[in-house]
Amino acid sequence: MEKAVKRVKPGTILLFIVTIILAFLFIYPVLFALMSAFKSNGDILKSPAAFPTSLYLQNFVDLFAQSDFLTAIKHSLLLTVISEILIVCIVPMAAYGIERRKSRMTQFIYAFFLTGMMIPFHLYMFPLFKEMKMLHIFGTMAGPIVSYIAGSVAFGCLLYCSFLKGIPLEIEEAAMIDGCTPFQTFWKVTFPLLGPCTGSMIILNGLGIWNDYLLPYLSLPSSKAKTITVEIAAFVGQYSARWDIVFAGTIISIVPALIIFCMFQKYFVKGITAGAAKG
């Protein structure tokens, strides 16, 4: 026991303390939202950090009564699920073509995609909306979906290309000798090996799409319900705010994201570490 205590270095103890403090700083906003979701608006303004004395559920009733929150949930699910399916179908094939068919053209396309990561969304926001209007998808669900797919190509190609470098070409050559076409080789042989990378893409893009506020707010019709984040933000006005309803909606929006993260957590860690090592 004494030997085990002696092995603990002061630096390790300091690192542990710093980790605990950082973990608390990240967990506290979620805990604060959870406590506030079960308090009245008056109790939140009177004593924000106090624990609720009882489970005040009227916030959730008011949330669904004073907004079309069910439609907002449906829109958020549609945007996230459809975008994720199309991203997983398109981005890996683009990265596969870039990595396996190396030429000046593919290298230029790869560099072009990476350059897109350096341009902030607010810089090309207005040209993007003009392009949506030209394609007649502005004000429809197709507008944000196309934008999410296009926005994920750059980082997706970077992640998938890094991961593809660690997959031996002999596996694909053996499949082609057995009669597989390049399309069949990718989906039946290579793509199943990209599971950790795909899990990372699903989590990173899924959470970003689910929590996105600006794009749905600007591109979907203002007269109809939009997404969860937009509906929640509508309860915060210039002169008044229903913080009880805001926190109730926030807790509801956290639950699906937490479930998805728990389901793909092991793939997320594997994908990030493997991609970093192989890149």
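Buried here means under 20% relative accessible area, exposed means over 50%, and partly exposed is in between (1.4 Å probe, protein chains only). The model is predicted, so local features need pLDDT of at least 70 and side-chain atom pairs count only at pLDDT 80 or more, while totals for chains, interfaces and linings use all residues. Residues are numbered from 1 along each chain as its sequence is written, and side-chain values use heavy atoms, with hydrogens and water left out.

**Exercise 1.** Work out how the rings of Phe-38 and Phe-60 are arranged.

*Solution.* Start with the rule: rings of Phe, Tyr and Trp (its six-membered ring) pair if their centres lie within 6.5 Å; planes under 30 degrees apart are stacked, over 60 edge-to-face, and the rest tilted. That rule gives 16 aromatic pairs. For Phe-38 and Phe-60 the centres are 5.5 Å apart and the planes sit at 45 degrees, so call this pair tilted. Next, place them: Phe-38 is in the loop between α2 (10-36) and α3 (41-46), and Phe-60 is in helix α4 (residues 58-65), so the pair ties together parts 22 residues apart in sequence. (Helices, H or I, at least four residues, and strands, E, at least two, are DSSP runs numbered from the N terminus.) Finally, check burial: Phe-38 and Phe-60 are both buried.

**Exercise 2.** Do the same for Trp-187 and Phe-191.

*Solution.* Geometry first: this aromatic pair is tilted, at 4.8 Å centre to centre with 55 degrees between the planes. Then location: both residues lie in helix α10 (residues 182-193), four residues apart, or about one turn of the helix. Now accessibility: Trp-187 comes out at 24%, so it's partly exposed, while Phe-191, at 18%, counts as buried.

**Exercise 3.** Find out how many disulfides the whole structure has, then look at Cys-89 and Cys-197.

*Solution.* The cut-off is a pair of cysteine sulfur atoms within 2.5 Å. Searching the whole structure turns up zero disulfides. Cys-89 is in none, as its nearest cysteine sulfur, that of Cys-157, is 14 Å away. This residue is partly exposed, with a relative accessible area of 33%. For Cys-197, the closest cysteine sulfur is in Cys-161 at 9.3 Å, too far for a bond. Cys-197 has 0% relative accessibility, so it counts as buried.

**Exercise 4.** Which residue's ring does the charged end of Lys-133 sit over?

*Solution.* The test needs NZ of Lys or CZ of Arg within 6 Å of the ring centre and within 35 degrees of the ring normal. The charged end of Lys-133 sits over the ring of Phe-138, 5.2 Å from its centre.
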